[in-house]
Amino acid sequence: MSVSATAEDAQTAWGLLATRVQGGDEDAMRELYDIFSKGIRFMLFRQLGPDELEDKVHDVFVTITTSIRNGELRDPNRMMGYIHTVVRRQIASYIDRAVNMRRNRIELDFDETVCDHRPNPENEAMAKENQQIALRVLRSIPKRDREVLVRFYYNEESPTEICHAMSLTDTQFRLIKSRAKARFGELGKSWLNRSKS
């Protein structure tokens, strides 16, 4: 078998996988995640370091699968090139955000700063309103998704503990967490926009 035939077979296999993902096939999503997470995790680690690596891998995965499902991948046979392009853009975005945060950070001279530790009524009211919105959004997502988010982010349970308690595989946990986190973000923005208008 020639090298070009092997490359064509691989391209066809990627095309079939992309088509299944676009159709919403959960097995295809897991298969793509297993393939995807190894190489992409290494790229992200090498470019951005270990900080929040798992969240970045999940965020990039959600971005890519959402764009594939929305039909933004024009040629399914070229899925790997598309994934690498999206990942490079995400890395550039993370770096740009970090640079802007550093640039905009204000250095305070704590010797001259006087802090008033009394609660500010306006800040308390805003914090309470944000907390109520977060609870409404959390209640509006499916029970299993909500449980994963609460266990992981609020109770600070490890993925292993959550998988054991909820009878999930590691891949199922990562997919549920990514989907739930994305859904929580979308609904939260929607609620905040409604409350501002």
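**Exercise 1. Helix α2**

Task: Find the kink in helix α2, then describe which residues of the helix are buried and what happens at its two ends.

Solution.
Step 1. Helix α2 covers residues 26-48, and a kink of about 35° is centred on Ser37. This is a predicted model, so treat every value here as computed.
Step 2. Now list the buried residues of α2. They are Ala28, Met29, Leu32, Tyr33, Phe36, Ser37, Ile40, Met43 and Leu44. Ser37, the centre of the kink, is among them.
Step 3. Go to the start of α2. A side-chain oxygen of Asp25 comes to within 2.9 Å of the backbone nitrogen of Asp27.
Step 4. Go past the other end. Gly49 comes just after α2 and has a positive phi of about 85°.

**Exercise 2. Ser67 in its setting**

Task: Which helix holds Ser67, is Ser67 buried or exposed, and what does Ser67 contact?

Solution.
Step 1. Place the residue. Ser67 belongs to helix α3, residues 53-69.
Step 2. Check the accessible area. Ser67 has a relative accessible area of 5%. Buried means under 20%. Ser67 is therefore buried.
Step 3. Look for a polar partner. A polar side-chain atom of Ser67 sits 2.8 Å from the backbone oxygen of Ile64.
Step 4. Set aside neighbours within four places in sequence. Ser67 then contacts Glu72, Leu73 and Tyr82.

**Exercise 3. Two helices that cross**

Task: Describe how α6 and α7 cross, and name the residues that make the contact.

Solution.
Step 1. Locate the pair. Helix α6 spans residues 143-154, and helix α7 spans residues 159-166.
Step 2. Take the axes. They come within 10 Å and cross at roughly 145°.
Step 3. Give the hand. The crossing of α6 and α7 is right-handed.
Step 4. Name the contact residues. From α6 come Arg144, Glu147, Val148, Arg151 and Phe152. From α7 come Pro159, Ile162, Ala165 and Met166.

**Exercise 4. The whole chain**

Task: How many helices and strands does the chain have, what share of its residues is buried, and what is its accessible surface?

Solution.
Step 1. Count the elements. The chain has eight helices and zero strands. Along the sequence the pattern reads α-α-α-α-α-α-α-α.
Step 2. Take the buried share. Of the 197 residues in the chain, 29% are buried.
Step 3. Turn to the surface. The accessible surface is about 13500 Å², and carbon and sulfur atoms hold 53% of it.
Step 4. Finish with contacts. Take those with a separation of 6 or more: 63% of them join residues 24 or more positions apart.

How values were computed
Residues numbered from 1 in each chain as written. Predicted model: local features only at pLDDT ≥ 70, side-chain atom pairs only at ≥ 80, totals over all residues. Heavy atoms only, no water. Bend = angle between axes of the 7 residues up to and from the residue. Helix = DSSP H or I, 4+ residues; strand = E, 2+ residues; numbered from the N terminus. Buried < 20%, exposed > 50% of the residue type's maximum accessible area, 1.4 Å probe, protein only. Polar contact = N/O pair within 3.5 Å; in protein donor to acceptor, adjacent residues only side chain to side chain. Contact = heavy atoms within 4.5 Å. Areas by Shrake-Rupley, 256 points an atom, 1.4 Å probe, with all protein chains shown as cover. Axes fitted to C-alpha atoms, helices over the stretch in contact; angles between N-to-C directions. Left-handed = near helix turned anticlockwise from the far one by under 90°.
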